[in-house]
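Let's take a walk through this structure together, one piece at a time. Have the sequence to hand as you read.

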Protein chains: 2
Amino acid sequence: MRVLIEAKSRYHHGDLRAQLLSAVQQLIETKGHANFSISEASRLAGVSSAAPYKHFADKPAILKALVLECMERMSAKMLAAIADLPVGSKERIDALGQTYVDFAREEPGMFRLVFGLTEAHQGDDELSQAGQQVFGIVIQATADCLGVEASAPEAQERAYMLWSFVHGHSFLVIDGKVEAQKMSVDETKLLNGISTAVLQI
Amino acid sequence: MRVLIEAKSRYHHGDLRAQLLSAVQQLIETKGHANFSISEASRLAGVSSAAPYKHFADKPAILKALVLECMERMSAKMLAAIADLPVGSKERIDALGQTYVDFAREEPGMFRLVFGLTEAHQGDDELSQAGQQVFGIVIQATADCLGVEASAPEAQERAYMLWSFVHGHSFLVIDGKVEAQKMSVDETKLLNGISTAVLQI
DNA sequence: TCACATATGTAATCATCACTTACATTGTCA
DNA sequence: TGACAATGTAAGTGATGATTACATATGTGA
């Protein structure tokens, strides 16, 4: 908060781009990515509603930047989660899954944004490349676990199975379906059970 | 189209409620459930922007009506899909999964709506009951397959695993992540592989 | 047949938003 | 130092949406 006030006292903001992204992220968590407005984000950052256009071409560009940053954080978290675990261990798989679900729970708005982006972004190379990087971590861990190369179709198939499952569980959690079904899910057991099942088909 | 024109010629629309729901559904498929507006739905139905409020209290009420109708269709499709397959067979599981994914592909907008409803609906009994009905079909088929009662924790756990997976795959498909990863997924093989894995843990 | 309550629809108003244009301030570097 | 790039503001445009006050059709009962 102090940062915002201080920054406002000068004509040039200093780091408006970053603060805008932060404001938008905050708005997305509270109102959903389809309901935030640039105007409101500007207000939050303490600048005029025209200022953002010096840093971003339009609304989709802001979302794209946010998603890229989000995916990098996701990558970093995943890599950190497996860093201390032995290569080729099943624990790595489970740790990746847990990290994924944790991320969804911590930032449901951003999580939905990353995966529910509009058609405007569908063909974007930069975005799909960032996505491949994240998925690549899962593929590598799966391949190591299976004792094959990451390029092996088997590794890709199993990794996709794991991803689908964790992805689905994440959505069911943040959309409140687990509670709605009056189910209590032991998540550790669940993740462990799934990876066991998928790896030993 | 003819219906719309004909209806517009009269002062009283005739069946505005149903036509509004249909218009909203159409908009949801093209713009997403967070981006449709009552005004635009009214325009589609050929009435003023205030007319809908004579039939629905507010926006959430319209969405709820749509979701309920959607879930009923989903239930019906799932029941139809397993009707001719033997009770307790794994084919039933796979057929349910395929139906689920097909539905998501055919009506991605509605699919997202059903699962991404706002907090306003989170505690709604009618909705969670409809959800339980759909999930109940999966639980029953899983229980039959395992040879246990539907109330058995084992059945619920396995059913949830299957649901998570199919749910995740559905989202990845409609969000274009499968293409984005330059992956070609053999869906039949995938569904079969997953059910095999989950059932024989 | 005819007043009238009710259901249904409209017009008008007001707020908000994305984005633009014209201009102001600041930092920087030749 | 002085030109210029970068970054900000003020004001405005056109589109869209929610809400409200008002208008009309229609079935009903006397």
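Before we look at any one helix, here is a handy yardstick: the expected span of a helix is 1.5 Å times one less than its number of residues. Keep in mind, too, that this is a predicted model.

Now try the yardstick on helix H8 of chain B, residues 153-174. H8(B) has 22 residues, and from its first C-alpha to its last it reaches 31 Å, close to the 32 Å expected at 1.5 Å a residue. How many of the 22 residues of H8(B) are buried? The count is 19, so this helix is largely enclosed by the rest of the structure. Here a residue counts as buried if 20 or more other C-beta atoms lie within 10 Å of its own. Just after H8(B) you'll find B:Gly176, which takes a positive phi of about 75 degrees.

Helix H6 of chain B, residues 108-115, tells a similar story: six of its eight residues are buried, so H6(B) is also largely enclosed by the rest of the structure. The buried ones are B:Met110, B:Phe111, B:Arg112, B:Leu113, B:Val114 and B:Phe115. What do they pack against? Within chain B, their partners are helix H2 (16-31), helix H4 (59-82), H5 and H8, while chain A contributes its H8 and H9.

Stay in chain B for a helix pair. Helix H5 (residues 90-106) and helix H10 (residues 187-199) of chain B pack with their axes 10 Å apart, at an angle of about 130 degrees. Angles that are neither under 35 degrees, nor over 145, nor from 65 to 115 count as oblique, and H5(B) and H10(B) are therefore oblique to each other. The crossing of H5(B) past H10(B) is right-handed. On the H5(B) side, the residues involved are B:Lys90, B:Ile93, B:Asp94, B:Gly97, B:Gln98 and B:Val101; they meet B:Glu187, B:Leu191, B:Asn192, B:Ser195 and B:Leu199 in H10(B). By type, this contact is a mix of four nonpolar, four polar and three charged residues.

Over to chain A. It has 10 helices and zero strands. Its C-alpha atoms fill a box of roughly 60 × 40 × 35 Å along the principal axes, and buried residues make up 35% of its 201 residues. Take the contacts in chain A between residues at least 6 apart in sequence: 65% of them join residues at least 24 apart.

Chain A has a helix pair to look at as well. The axes of helix H2 (residues 16-31) and helix H4 (residues 59-83) of chain A come within 10 Å and cross at roughly 85 degrees, and the two are therefore roughly perpendicular to each other. At this crossing, A:Leu21, A:Val24 and A:Gln25 in H2(A) meet A:Ile62, A:Ala65, A:Leu66 and A:Glu69 in H4(A). That contact divides into five nonpolar residues, one polar and one charged.

Finally, how do the two chains meet? 34 residues of chain A are in contact with 34 residues of chain B. On the chain A side, helix H7 (125-146), helix H8 (153-174), helix H9 (177-180) and helix H10 (187-199) each supply at least two residues. Which helix gives the largest share? That's H8(A), with 11 residues. Sorted by type, the side of chain A that touches chain B has 16 nonpolar, 16 polar and two charged residues.

Key
Residues numbered from 1 in each chain as written. Chains lettered and ligands numbered in written order. Predicted model: local features only at pLDDT ≥ 70, side-chain atom pairs only at ≥ 80, totals over all residues. Helix = DSSP H or I, 4+ residues; strand = E, 2+ residues; numbered from the N terminus. Buried ≥ 20, exposed ≤ 12 C-beta atoms within 10 Å, placed from the backbone. Contact = placed C-beta atoms within 7 Å. Nonpolar A, V, L, I, M, F, W, Y, C, P; charged D, E, K, R; others polar. Axes fitted to C-alpha atoms, helices over the stretch in contact; angles between N-to-C directions. Left-handed = near helix turned anticlockwise from the far one by under 90°.
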